[in-house]
Amino acid sequence: MSAPKKTTGRSLLVVSATLTSLALTAGPVLAAPSPSTSPSATPPAKMSTVGGARLGQAGTQVNLASGVPVLPKGLTARSWIVSDAESGEVLAAHNAHWRLAPASTLKMLFADTVLPKFPSTTEHKVVPSDLAGMGAGSSTVGIKEGEKYTVRDLWLGVFLRSGNDAVHVLSAMNGGVKHTVAEMNEHAEELQALDTHAVSPDGYDAEGQVSSAYDLTLFARSGLQKKDFREYCSTVTAKFPGKTKKTKKGKKVRESYEIQNTNRLLSGLDSDVSVYPGIAGVKNGNTTNAGATFTGVAERGGKVLLVTVMNPAKNEHNEVYKETAKLFDWGFKAAGKVAPVGELVPPRSAAQPSAQPGATASGEAGGAVGGGGSSAKPVASATAASGSGGMGIALAITGGVLALLAAGAFLINRRWPLPDLVRRRR
């Protein structure tokens with residue numbers, strides 16, 4: 001993917017958009033409420049405003065203007081979000097910060113936290129304690145006690161089969177489940193994913209475990225900075241080690257079997273869902289409490305979009321993938337035409353004035369905060385801001401914005417090598 005042109009112009013646009021957004025939304029960011037123990041029927045009246053005031057409002061947020069396609073009909077998900085993976089612009093959203101049970105999409109946070117810890121070639125022999133504490137009915141890839149697995153094997157088990165057994169083995173290698181969950185929550189805070197509270201590393205239903213469509217998108221965006229993460233989440237099929245058996249001659253032979261990615265838009269496992277053109281990951285999930293959840297990334301025409309869908313109300317087979325595909329279709333048609341309603345915020349470390357181009361962050365983000373022009377027609381109205389004092393506020397914060405510009409411009413203009421993965425899928 002070629003580097004974007006007119007870097008200077010885009011950087012100036014970032015400053016302008018940021019000043020405008022901050023002037024309109026000046027004030028403290030709403031703190032996320034305490035994790036609920038059970039899903040609510042309706043979104044709360046007040047949600048986090050991380051990424052922009054519009055994203056904290058209940059209902060659908062999109063700027064309709066001339067040339068902008070209407071949103072697809074039949075969307076039933078409790079929460080969803082469509083964003084530009086590279087610029088960070090949120091093109092449209094619905095209850096983006098509603099804290100809901102995440103199911104196995106939480107494994108994106110687990111992977112983004114733990115994946116850098118171990119080389120892919122590291123081997124680990126599984127002991128009984130590694131598999132202790134898995135929830136009843138957990139999805140598994142077939143880890144066997146007493147057998148050795150490489151870290152690469154384990155990550156393929158996590159991404160392709162959503163194997164909770166592979167998650168628990170990696171957690172054991174990382175100091176245990178409790179330690180790993182603590183690190184996940186710390187990393188979520190670093191990413192400014194403040195709707196998230198992890199209780200289990202695998203996303204299995206647990207009291208108080210919540211995330212949001214916005215946060216899941218942050219996890220995917222951060223993970224996709226990593227080459228191994230991109231490779232694992234885009235792999236369709238792989239050979240997985242089985243049991244070691246003795247032949248009739250007494251020779252030990254390790255069996256293997258094929259595993260297939262359960263992401264239907266990537267693998268096309270079911271006849272009612274086709275492989276989505278340009279799909280390159282990321283992660284699906286489904287539990288009794290969470291319903292179906294999914295975050296996907298796809299590329300088309302030089303645009304890379306992220307779509308997250310949580311818990312469709314429509315009880316049809318593969319509905320979460322069908323609604324995701326509709327939102328991808330809309331996003332690619334709307335990209336470059338629709339004024340964004342918010343942004344995917346950068347990690348705290350990336351937002352520090354000391355950040356320099358070339359620095360490596362665990363999760364890279366950034367992007368212009370979009371505000372609708374005078375011709376924009378929001379589906380759900382944005383919070384009205386008084387015109388008086390707006391310029392004063394903008395001037396007061398100009399210094400801080402300019403201090404962030406160097407890091408922000410680098411993060412915005414860095415592009416990911418997703419097309420290589422996409423071409424394999426085509």
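**Exercises: two helices and a strand**

Helices α2 and α3 cross in a left-handed sense. Keep in mind that the model you are looking at is predicted.

**Exercise 1.** Work out how α2 and α3 are oriented to each other, and which residues make their contact.

*Solution.*
- Step 1: Find α2 at residues 107–114, and note that its axis comes within 11 Å of the axis of α3.
- Step 2: Read the crossing angle, which is roughly 160°.
- Step 3: Apply the cut-off: angles over 145 degrees count as roughly antiparallel. The two helices are therefore roughly antiparallel to each other.
- Step 4: List the contact residues. On the α2 side they are Lys-107, Phe-110, Ala-111 and Val-114, and on the α3 side Trp-155, Val-158 and Phe-159.

**Exercise 2.** Decide whether α3 is largely enclosed or not, and find where its residues go in the nonpolar core.

*Solution.*
- Step 1: Locate α3 at residues 151–161; nine of its eleven residues are buried, so the helix is largely enclosed by the rest of the structure.
- Step 2: Name some of the buried residues, among them Asp-153, Leu-154, Trp-155 and Phe-159.
- Step 3: Turn to the largest nonpolar core, which has 62 residues; Trp-155 and Phe-159 are among those with the most contacts inside it, as are Ile-143 and Tyr-214. Helix α3 gives this core its largest share, seven residues.
- Step 4: Zoom in on Phe-159. Beyond its neighbours within four places in sequence, Phe-159 touches Ala-111, Phe-229, Tyr-232, Cys-233, Asn-261, Val-282 and Lys-283.
- Step 5: Look for another core. A second, separate one has 30 residues, including Val-82 and Val-309.
- Step 6: Check what follows the helix: Ser-162 comes after α3 and has a positive phi, near 50°.

**Exercise 3.** Which strands pair with β3, and in which sense?

*Solution.*
- Step 1: Find β3 at residues 77–84. Seven of its eight residues are buried, so the strand is largely enclosed by the rest of the structure.
- Step 2: Follow one pairing to β11 (residues 303–312), which is antiparallel and spans seven bridges. Here Asp-84 stands opposite Leu-305.
- Step 3: Follow another pairing to β4 (residues 89–94), also antiparallel, over four bridges. Here Trp-80 stands opposite His-94.
- Step 4: Inspect the link between β3 and β4. The two strands form a hairpin with four residues between them, and Gly-88 in the turn has a positive phi of about 85°.

How values were computed:
Residues numbered from 1 in each chain as written. Predicted model: local features only at pLDDT ≥ 70, side-chain atom pairs only at ≥ 80, totals over all residues. Heavy atoms only, no water. Buried < 20%, exposed > 50% of the residue type's maximum accessible area, 1.4 Å probe, protein only. Pairing = 2+ DSSP bridges. Core = buried A, V, L, I, M, F, W, Y, C linked by side-chain atoms within 4.5 Å. Contact = heavy atoms within 4.5 Å. Axes fitted to C-alpha atoms, helices over the stretch in contact; angles between N-to-C directions. Parallel < 35°, antiparallel > 145°, perpendicular 65-115°, else oblique. Left-handed = near helix turned anticlockwise from the far one by under 90°.
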